[in-house]
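Trainee: Please show me the model, and then let us go through it in questions and answers.

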Amino acid sequence: MNYKDEFEREQDKTIDHTPEETSDVHNSKPEYETLTQQNQEGESESAFIANEPESKVVETEEGSSEEVISEQPINRIELKNSAKKKKRNVKGFTSMVAAGVVGSVLTLTVLPYTDYLDNFSSNVESQSIGNVQQNTDANTVTAQPTSVKTSSSIADTVEHLSKTIVGIVNYQQQQSSGLYGSNPSQSVERGTGSGVIFQKNNDIAYIVTNNHVVEGATKLEVSLYNGEKVSAEIVGTDALTDLAVLKIDSKNVEATAQFGDSSTLRPGDQVYAIGNPLGLDLSRTVTQGIVSAINRSIAVNTSAGNWETNVIQTDAAINPGNSGGALINPEGLVIGINSLKIADSGVEGLGFAIPSNDLIPIVNELIDNGKVDRPYLGIGLADLSEVPQLYWENLPESVKEGVMITAVEPNSAAANGGLEAQDVIVSMNGTKIANSSELRKYLYSDVKMGDEIKIEVYRDGKLTTVNVKLAK
């Protein structure tokens with residue numbers, strides 16, 4: 001896979017369901033109504049009846065009582081014996097008050113001996129704790145608290161983040177020839193890419209992008225959100241991790257992006273890519289996707305040699321010009337820098353981004369030192385599988401993998417340790433080395449400058465061990 005695939009020219013509310021309103025709307029008929037009828041002694045009596053099709057008692061001409069079904073609700077029934085009604089009303093009211101008092105006493109007496117209050121309190125407490133935990137799940141690298149606002153949309157997030165996305169134009173000197181010889185060299189646009197403004201210190205703003213976006217440039221021009229175009233200066237680059245940091249005047253910088261914790265990502269998480277596909281004419285294009293996989297190891301060919309880079313795989317559309325742009329989560333935190341894609345015929349949705357947790361230490365070192373200091377051996381390398389068998393015919397038949405030293409720099413750590421050209425490295429400190437990418441990965445990840453390592457090599461067909469003290 002080549003980074004050039006990724007670096008081309010511009011041309012080329014939730015509704016609150018309180019007990020539903022319908023439950024608060026009752027039929028105009030009461031659940032029970034009072035019915036008056038005559039008893040045998042000729043007195044009027046009251047009785048409660050269910051509110052079915054209403055009935056009432058009428059006296060017939062013969063003096064007997066009959067019940068007549070009424071199609072309309074009974075609005076009022078008068079008592080013939082009003083004194084008896086009042087007496088019974090007082091008795092009913094007294095009973096109701098007595099029942100209320102007894103119920104209250106029982107509640108106050110029994111409730112303290114139950115766990116209802118404890119359960120109620122713990123439920124409230126657990127709800128509160130749950131909310132706090134939710135707010136702290138998405139940790140940022142800057143350790144600043146973040147809150148998830150469910151009422152905001154991704155459009156609001158993108159609107160803010162877009163102010164931190166820039167376009168980068170790479171100009172290089174090119175000399176043309178004419179009828180009368182060579183013409184003076186001139187700056188020619190060699191390609192475009194994207195970048196993210198992540199820090200603003202006084203008069204300087206810092207931008208992170210890919211190394212292959214700025215590599216070989218004699219002049220860099222940055223296009224800001226407000227349309228301003230400013231010159232940029234390289235702070236530092238690292239070809240192996242394909243990262244670079246630029247600085248510009250902060251006068252026109254309106255916002256900065258924050259990094260998120262990429263270690264919390266899971267396949268299926270929603271992500272969005274923002275960048276400038278196919279050039280500045282389509283600047284700050286937003287594409288949507290998911291995290292397809294994490295911790296992918298992709299072999300890439302860089303100007304510093306072959307390297308196995310750890311990446312986030314996503315199906316969010318990433319096109320030439322998106323390199324150096326932001327891969328963000330729904331909270332608007334940058335969790336990756338878009339770097340490359342597989343663009344073979346018939347292949348879709350295979351884009352890759354450098355995880356934020358991997359790039360932050362590199363970015364900090366580039367700001368501090370302008371480069372990344374790694375242990376240095378001082379040798380030329382070639383994978384054994386790429387070397388003609390003529391040069392390693394003395395090796396045992398069991399040896400099929402390793403790294404052949406093609407050259408040794410004078411006064412280097414390798415030379416001082418006794419390594420020689422045509423030595424075949426097969427292990428370092430007991431770790432098997434199958435190719436040059438594995439050698440660099442071990443050298444740059446597992447050991448540090450000043451360490452002494454044991455390197456097993458085959459020399460003239462024989463296995464030997466060489467101790468080398470790593471230098472800067």
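**Barrels, cores and confidence**

Trainee: At about what angle to strand 12 does helix 5 run?
Mentor: Helix 5 lies across strand 8, strand 9, strand 11 (229–238) and strand 12. Helices (H or I, at least four residues) and strands (E, at least two) are DSSP runs, numbered from the N terminus. Axes are lines fitted to C-alpha atoms, for helices over the stretch in contact (heavy atoms within 4.5 Å), and angles run from 0 to 180 degrees between N-to-C directions. For helix 5 against strand 12, the angle is about 50°.

Trainee: What kind of model is this, and where does residue numbering start?
Mentor: This is a predicted model, in which local features need pLDDT of at least 70 and side-chain atom pairs count only at pLDDT 80 or more, while totals for chains, interfaces and linings use all residues. Side-chain values use heavy atoms, with hydrogens and water left out, and along each chain as its sequence is written, residues are numbered from 1.

Trainee: What is the average pLDDT of the protein?
Mentor: pLDDT is the predictor's confidence in each residue, from 0 to 100. A score of at least 70 is reached by 67% of the residues. Over residues 104–150 pLDDT stays under 50. Where pLDDT is low, the predicted coordinates should not be read in detail. The protein's average is 75.

Trainee: In what order do the strands of the barrel with strand 5 run?
Mentor: Two strands pair if DSSP finds at least two bridges between them. Strand 5 (residues 165–174) pairs with strand 8 over 10 bridges, and Gly 167 has Ser 194 as its bridge partner in strand 8. Six strands with antiparallel pairing close this barrel, in the order 5-8-9-12-11-10.

Trainee: Is strand 9 largely enclosed or open, and why?
Mentor: Strand 9 pairs antiparallel with strand 8 over five bridges and with strand 12 over six bridges. Buried means under 20% relative accessible area, exposed over 50%, and partly exposed in between (1.4 Å probe, protein chains only). Because five of its six residues are buried, strand 9 is largely enclosed by the rest of the structure.

Trainee: Which residue in the turn between strand 8 and strand 9 has a positive phi?
Mentor: The two strands form a hairpin with two residues between them. Within the pair, Ile 197 stands opposite Ile 207 of strand 9. The turn residue with a positive phi, about 55°, is Asn 202.

Trainee: Which element gives the largest share of the largest nonpolar core?
Mentor: A nonpolar core is a set of buried Ala, Val, Leu, Ile, Met, Phe, Trp, Tyr and Cys residues joined through side-chain atoms within 4.5 Å. Of the 25 residues in the largest one, Val 196, Val 208, Val 334 and Leu 359 touch the most other members. The largest share is five residues, and it comes from helix 5.

Trainee: In what order do the strands of the barrel with strand 17 run?
Mentor: Strand 17 (residues 334–341) and strand 18 (residues 351–355) run antiparallel and are joined by five bridges. Lys 341 stands opposite Gly 351 in strand 18. Six strands close into this barrel, in the order 13-14-15-18-17-16.

Trainee: Which residue has a side-chain oxygen within 3.2 Å of the backbone nitrogen of Ser 437?
Mentor: Ser 437 is one of the buried residues of helix 7 (residues 436–445). The oxygen reaches this nitrogen at the start of helix 7. The oxygen belongs to Asn 435.

Terms used: Polar contact = N/O pair within 3.5 Å; in protein donor to acceptor, adjacent residues only side chain to side chain.
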